[in-house]
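Got your viewer open? Here is a short tour, with something to select at each stop.

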Amino acid sequence: MKRQLIILATAFALLAGCGGGAEDDAPVQAAAPATTQANQTEAAAPAEPPEACALITKQDAEKLAGTKLDPPVEAAESCQYTGPVTGPTAQVEIYVGDGAKKFLDIDRELKHEFTELSGIGDEAHLEDGTVFFAKGGVWVAIRLVRLVDPKETRKPLEAAARTAAGRM
C-alpha cells in the first residue's frame, strides 16, 4: 500500500510538472502530505485479528468441553468444535474481531449478568457459558455449550481465555 501511494504521488508529480507553470507546483506539494497522512493511517490501523482456531486448538477445546470433539469448522473470524453425534452434547465456539464485540454488546443489551475478570488482556468479562476479552483492540469471545450447571464451566472458560490471550 505504501509503495503504491509513493508511485501514485511520483506519477502525479511528473504529470503536474508537464505544464511548466508556477501553479503546477501546488498539486505536487499537496501529494506529499496525502502520502504522509496515508502512512500515519496505515500505522494506526489495528493488526489483523488472529486465526480463531489458533487461539483455541482442538486439544484446548476438548479440555474446555471435557470430551472429545470433531475437527474444527473454520469461517471468517470464527472457529467451531462440536461433539460427535454419539455424544455427549458439547460445542466450543471462538469468535474474533467485530463479531465478538457485537456478541458482547447484544448480551449487555439483554442485561446478562457479567463477572469482571482481571489479568486477561485489556479487559475481560465472564457470563454463563461465555467469556469475552479484548487485547490490543481485538475482541475475542469463547462460548461453551454443555448440558451442565454453568457454574461448572466458569473456571475452564477463564482458563481458556487466559490461554487464548497468551497467544495473541
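Start with one term: a contact means heavy atoms within 4.5 Å. Now show the whole chain. Among contacts in the protein with a separation of 6 or more, residues 24 or more positions apart account for 48%. What you are looking at is a predicted model, where local features need pLDDT of at least 70 and side-chain atom pairs count only at pLDDT 80 or more, while totals for chains, interfaces and linings use all residues. Residues are numbered from 1 along each chain as its sequence is written, and side-chain values use heavy atoms, with hydrogens and water left out.

**The overall layout**

Switch to a cartoon view. You should find six helices and seven strands; these are DSSP runs numbered from the N terminus, with helices being H or I of at least four residues and strands being E of at least two. Walking from the N terminus, the order is α-α-α-α-β-β-β-α-β-β-β-β-α.

Try a surface next. The accessible surface is about 10200 Å², and carbon and sulfur atoms hold 56% of that (Shrake-Rupley method, 1.4 Å probe; for residues, only the protein chains shown count as cover). Of the 168 residues, 33% are buried. Buried means under 20% relative accessible area, exposed means over 50%, and partly exposed is in between (1.4 Å probe, protein chains only).

**Stop one: the disulfide**

Select Cys53 and Cys79. A disulfide is a covalent bond between the sulfur atoms of two cysteines, and here it is called when those atoms are within 2.5 Å. The structure has one, joining Cys53 to Cys79 with an S to S distance of 1.9 Å. The bond ties together distant parts of the chain: Cys53 sits in helix α3 (residues 52–55) and Cys79 in strand β2 (residues 78–82), 26 residues apart. The torsion about the S-S bond of Cys53 and Cys79 is about 95°, so this disulfide is right-handed. Both Cys53 and Cys79 are buried.

**Stop two: Glu93**

Keep Cys79 on screen and add Glu93, found in strand β3 (residues 90–96). Is Glu93 buried or exposed? Its relative accessibility is 6%, so Glu93 counts as buried. Beyond its neighbours within four places in sequence, Glu93 is in contact with Cys79, Gln80, Ala141, Ile142 and Arg143. Now add Gln91: its side chain makes a polar contact of 2.4 Å with the side chain of Glu93. (A polar contact is a pair of N or O atoms within 3.5 Å; within protein, one must be able to donate a hydrogen and the other to accept it, and residues adjacent in sequence count only if both atoms are side-chain atoms.)

**Stop three: strand β5 and its partners**

Select residues 123–127, which make up strand β5. Four of its five residues are buried, so β5 is largely enclosed by the rest of the structure. Strands pair if DSSP finds at least two bridges between them. On to the partners:

- β4 (residues 115–117) runs antiparallel to β5, with three bridges; Thr115 has Leu126 as its bridge partner. Five residues lie between the two strands of this hairpin, and Gly119 in the turn has a positive phi of about 80°.
- β6 also runs antiparallel to β5, with five bridges; Glu123 stands opposite Ala134. Two residues lie between the strands of this hairpin, with Gly129 in the turn at a positive phi of about 85°.

**Last stop: the rings**

Select Tyr95, Phe103, Phe114 and Phe132, which ring pairs link into a cluster. Rings of Phe, Tyr and Trp (its six-membered ring) pair if their centres lie within 6.5 Å; planes under 30 degrees apart are stacked, over 60 edge-to-face, and the rest tilted. The whole structure has three aromatic pairs. Zoom in on Phe103 and Phe132: their ring centres are 5.0 Å apart and their planes at 85°, so the pair is edge-to-face. Phe103 belongs to helix α5 (residues 98–109) and Phe132 to strand β6 (residues 130–135), 29 residues apart. Both Phe103 and Phe132 are buried.
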